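Here is a walk through a few helices and some single residues worth a look. Keep the viewer open as you read.

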Amino acid sequence: MAKLQVAIDLLTTAEALALAAKVAPYVDIIELGTPLIKNMGSTVITAMKNAHPDKLVFADLKTADAGELEADIAFKAGADLVTVLSTAGDATIIGAVKAAKAHGKGVVVDTIGHPDREKRAREVTELGATFVELHAGLDEQWTAGYSIQVLIDEAARVGVPVSIAGGVNIENVAQVIKAGAQVAVAGAAIYGAEDPAAAAKALREAIDAA
């Protein structure tokens, strides 16, 4: 069954916990965004895991170097999954995977900014990534002419376990799942909604139906 991941791009632990409390019944993975972790440190990871021990807590570190060390910090704080950039060297990804194995956790390789997401997705899966996030970041989404269809098409072709992040919403989430994504990542579609719980519930139902 495909999973729903909420990306929390708020900036304080209190805001993140408040949002998570509303949407937890409908999501499988709670992602702590990079700005949130940079602002609050690894304590936000611990706070979220303590609040939601039954959920996968995803620390979006976007590690570019010191893979084993950074992943170890996040896993010790309570993370279940951490991200390493696909543009990082193989040694960095291998290091993070080593830390994940030591803790019985997982590494997600984030393809943000990579010129060939499909090729790199296959390479890093060989290195031990749990899954690969086909990701168009906020800056790319705000660029004229952007469409999530690019990621949907890549997911359908790539042949390795992937998530899709980059403007997932109620209009396109069924396509995301039908393209083969194991995880749909929704950020603004949930935290920007007037009623985040209702938005998460609608996404959950659309994923299950797809």
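## Helix H6 and its surroundings

Glycine 128, sitting just after H6, takes a positive phi of about 115°. Bear in mind that this is a predicted model, and that goes for everything below.

Now step back into the helix itself. H6 covers residues 117-126, and its buried residues are Arg117, Glu118, Arg120, Ala121 and Val124. Looking down the axis of H6, you'd find these buried residues within an arc of 165°, so they line one face of the helix. As a reminder, an α-helix has 3.6 residues a turn, so residues three or four places apart point the same way.

What covers the buried residues of H6? The cover includes three helices and two strands by name: helix H5 (90-103), helix H7 (138-141) and helix H8 (149-158), along with strand S5 (106-110) and strand S6 (131-135).

H8 deserves its own look. The axes of H6 and H8 come within 10 Å and cross at roughly 45°. Angles from 35 up to 65 degrees fall in the oblique class, so H6 is oblique to H8. The crossing of this pair is right-handed. On the H6 side, the residues that meet H8 are Arg117, Glu118, Ala121 and Arg122. Their partners in H8 are Val150, Leu151, Glu154, Arg157 and Val158. Sorted by class, the contact of H6 with H8 has five charged residues, four nonpolar ones and no polar ones. Arg117, Glu118 and Ala121 turn up both among the buried residues of H6 and in the contact with H8.

## Another helix pair: H1 and H11

Two packed helices are described by the angle between their axes and the distance between the axes. For helix H1 (residues 13-23) and helix H11 (residues 196-209), the axes come within 8 Å and cross at roughly 50°. H1 and H11 are therefore oblique to each other. H1 passes H11 in a right-handed crossing. Leu19, Lys22 and Val23 are what H1 brings to the contact, while H11 supplies Pro196, Ala197 and Ala200. By class, the residues of the contact of H1 with H11 come out as five nonpolar, one charged and no polar.

## Two positive phi values without glycine

Which residues have a positive phi although they are not glycines? Lysine 62 is one of them, with a phi of about 50°, and alanine 66 is another, also with a phi of about 50°. Lysine 62 is found in strand S3, which spans residues 56-63. Alanine 66 lies in the loop between S3 and helix H4 (67-77).

Buried or exposed, or something in between? Lysine 62 has 22% relative accessibility and alanine 66 has 33%. Because buried means under 20% and exposed over 50%, lysine 62 counts as partly exposed, and so does alanine 66.

## On helix H4

Helix H4 holds lysine 76 and leucine 69. How accessible are they? The table puts them next to the two residues from the section above.

| Residue | Relative accessibility | Class |
|---|---|---|
| Lysine 62 | 22% | partly exposed |
| Alanine 66 | 33% | partly exposed |
| Leucine 69 | 54% | exposed |
| Lysine 76 | 62% | exposed |

Here are some distances to try in your viewer. Lysine 76 and isoleucine 30 are 46 residues apart along the chain, and their C-alpha atoms are separated by 17 Å. For leucine 69 and glycine 180, which are 111 residues apart along the chain, the C-alpha atoms are separated by 32 Å.

Note on methods. Residues are numbered from 1 along each chain as its sequence is written. This is a predicted model: local features need pLDDT of at least 70, side-chain atom pairs count only at pLDDT 80 or more; totals for chains, interfaces and linings use all residues. Side-chain values use heavy atoms; hydrogens and water are left out. Buried means under 20% relative accessible area, exposed over 50%, partly exposed in between (1.4 Å probe, protein chains only). Helices (H or I, at least four residues) and strands (E, at least two) are DSSP runs, numbered from the N terminus. The arc is that of the directions from the helix axis to the C-beta atoms. Contact means heavy atoms within 4.5 Å. Axes are lines fitted to C-alpha atoms, for helices over the stretch in contact, and angles run from 0 to 180 degrees between N-to-C directions. Angles under 35 degrees count as roughly parallel, over 145 as roughly antiparallel, 65 to 115 as roughly perpendicular and the rest as oblique. A crossing is left-handed if the near helix is turned anticlockwise from the far one by less than a right angle, and right-handed if clockwise. Ala, Val, Leu, Ile, Met, Phe, Trp, Tyr, Cys and Pro count as nonpolar, Asp, Glu, Lys and Arg as charged, and the others, Gly among them, as polar.
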